[in-house]
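Reader: I should like to go through the terms used for this model and to see how each is justified. Please set every value against its definition.

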Amino acid sequence: MSLPSFPNIDPPIKREDAVNQILSSIAMEELGMSHILNAEGEKLQYILGTLPGLSGPAATVKDVLNANESVKDLLETATQNQLLLRSKMQCALDTTPAQGPAGLAGPTGPAGPAGATGPTGSAGATGATGPTGPAGATGAAGPAGPTGPTGPAGIYSPGMDGLTGPTGPTGPTGPNVTATSTLATNYTGGTIRPNPLRDGLLGTTVPLPNVGRSCTDIDVDTASSEFISKIDGYFQISYNLNPSTPVVGTAQIVISNEVNKASIMTPQLASNHFSSTILVPLRKGDRVSLRVISATPLVLPAQSVGASLFLLRLA
């Protein structure tokens, strides 16, 4: 199949002529579309029996629906064609802007004559540099004079000490915080029978009926063997527990029904000596006691310190 060829057009079509022909073709298509739409309208009039001068058989509902479907399809096709024509017209209008012919260029005025440049004067001659005079001779350094003799050392004469001033008055004695201390012991002996099911993790209170030292800021409840702090402060608490025979158990300090973990002592083997020292803050009203947890009874010796609890306020 051979390639298509275009006929020679004489005279050649200019861009403006081609655009005008495209616009004319779009107008003709619009005119043809108007005739088609008019024919569709007359077809509907004929089916409905409203076309003047023509009459035919009465149309059924099916005929009306079919005609309506045909008109609908035609309108959709016409709408798509209108979009195509609009795009075609827009492209044609954008290719060649509507411009009038360019006017004639005005004549250029004559250029004025250039002024003559004056001659550059000649540079003057540079004068000769004069000779540099000779440097003067440096004089000889004179001899150093002898060092003079050192004078004798002065005589040291220490000054006399002044009289000692009088001693100032003695200031008032500061508070003695360590005076706030209490000691309670058990040297009467006895047997402690712990009950793990009743006492739980707090343990059984070790009886301390013998008060060896007391003060006004710490009460001793001999009935419950508890120390009661009456002031806030920072305290050292120490305890000793010396049963007559070695036992397997745990000794600890309980403060207001709470075990102090730093005070817990649990030997790996049976022992007849338990002791610990802790530093803790106490609030007014805190109750301190020595407790023991053991599966077997603890026998405290008589006529010797079987247990002791000591509180000392540090600050």
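Author: On a 1 Å grid over the protein atoms alone, a pocket is an open set of points with protein on both sides within 12 Å along at least five of seven lines, and its lining residues have an atom within 4 Å of a point. The model is predicted, so local features need pLDDT of at least 70 and side-chain atom pairs pLDDT 80 or more, whereas totals for chains, interfaces and linings use all residues. Residues are numbered from 1 along each chain as its sequence is written, and side-chain values use heavy atoms, without hydrogens and water.

Reader: Which residues line the largest pocket?

Author: The lining consists of I255, S256, E258, V259, N260, V280, P281, L282, R283 and D286. Strand β9 (residues 274-282) gives the largest share, three residues; strands (E, at least two residues) and helices (H or I, at least four) are DSSP runs, numbered from the N terminus. The volume is about 160 Å³, taken as the space filled by probe spheres set on the points.

Reader: What makes E29 and K88 a salt bridge?

Author: The term requires a side-chain nitrogen of Lys or Arg within 4 Å of a carboxyl oxygen of Asp or Glu. The closest N and O atoms of E29 and K88 are 3.7 Å apart, so the pair satisfies the definition. E29 lies in helix α1 (residues 15-48) and K88 in helix α2 (residues 61-95), so the pair ties together parts 59 residues apart in sequence.

Reader: How many salt bridges does this rule give?

Author: The count is four. Among them is the contact of R287 with D221, at 3.1 Å from N to O. This pair links strand β10 (residues 287-294), which holds R287, to strand β5 (residues 218-221), which holds D221, 66 residues apart. Another joins E226 to R287, with closest N and O atoms 2.8 Å apart. Through shared partners, D221, E226 and R287 form one network.

Reader: Why is E226 called buried?

Author: Buried means under 20% relative accessible area, exposed over 50%, and partly exposed in between (1.4 Å probe, protein chains only). E226 has a value of 13%, and is therefore buried. R287, at 29%, is partly exposed, and D221, at 25%, is partly exposed too.

Reader: Why is L279 called partly exposed?

Author: L279 has a relative accessible area of 46%, which lies between the two limits, so the residue is partly exposed. L279 is found in strand β9.

Conventions: 1 Å grid on protein atoms, 1.4 Å probe; cavity = no way out; pocket = protein on both sides within 12 Å on 5 of 7 lines; lining within 4 Å.
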